Amino acid sequence: MAPTPKHSVSVAGVVVGEDGRVLVIKRDDNGHWEAPGGVLELDESFEDGVRREVLEETGLEVQVERLTGVYKNLAHGIVALVYRCQSVGGEPHATEEAREIRWMTAEEVQSSMVPAFAVRVLDAFKEAPQSRAHDGVNVVLK
């Protein structure tokens, strides 16, 4: 019998402002623009992980509203759950993990992010959760 494959589980929060713009970070480790997020810890719920990651990376406290998508990075075996969030406190600021923070429109998201990460943000505006796979850069069509 083949061994069970190992996957890493990550969470991310798409924080949507009253004006419809989303809060994104420029990651310190790779310089890419993404929604704030990271690896889920073993002892925390998905929602607690989202709240922790957004706070650590942006300084914002958020209320998690709903799951907006599940994404698998086929190249690295990472499964990410993405949630739409609303800010409930704090002021966004750069952190050790996020060298820059910006509120972006949907158009800015499309032009600033690689497709595999832009789609996560844009899916937060759809009514139903999405399920997608990608290679780390591009979405793999079903």
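**Group meeting: strands, a helix and one arginine**

Okay, let's start right in the sheet: Gly69 has Val82 of β6 as its bridge partner. Keep in mind that this is a predicted model.

So where does that pair sit? Gly69 belongs to strand β5, residues 61-73, and β5 runs antiparallel to β6, with eleven bridges joining them. The two strands form a hairpin with four residues in between, and there Gly77 has a positive phi, near 65 degrees.

Now stay on β6, residues 78-89, and look at its other pairing. Strand β1, residues 8-16, pairs with β6 in the parallel sense, over eight bridges. If you want a spot to click on, try Val9, which stands opposite Val79 in β6.

Zooming out for a second: UniProt lists residues 5-127 as "domain: Nudix hydrolase", and that's from an unreviewed entry. Over that stretch the chain is 42% strand and 24% helix, and the C-alpha atoms at the two ends are 32 Å apart.

On to a helix. How many of the nine residues of α3 are buried? Seven, so to speak of α3, residues 115-123, as mostly covered is fair. The buried ones are Ala116, Phe117, Ala118, Val119, Arg120, Val121 and Asp123. Yes, Arg120 and Asp123 are on that list too.

Last stop, Arg27, which lies in strand β2, residues 22-27. Its side chain makes a polar contact of 2.5 Å with the side chain of Asp29. Leaving out residues up to four places away in sequence, Arg27 also touches His32, Glu34, Gly37, Glu97 and Arg99.

That's my tour, over to you.

Notes. Residues are numbered from 1 along each chain as its sequence is written. This is a predicted model: local features need pLDDT of at least 70, side-chain atom pairs count only at pLDDT 80 or more; totals for chains, interfaces and linings use all residues. Side-chain values use heavy atoms; hydrogens and water are left out. Two strands pair if DSSP finds at least two bridges between them. UniProt positions are given in the numbering used here, feature names are shortened, and annotations may be inferred rather than shown by experiment. Buried means under 20% relative accessible area, exposed over 50%, partly exposed in between (1.4 Å probe, protein chains only). A polar contact is a pair of N or O atoms within 3.5 Å; within protein, one must be able to donate a hydrogen and the other to accept it, and residues adjacent in sequence count only if both atoms are side-chain atoms. Contact means heavy atoms within 4.5 Å.
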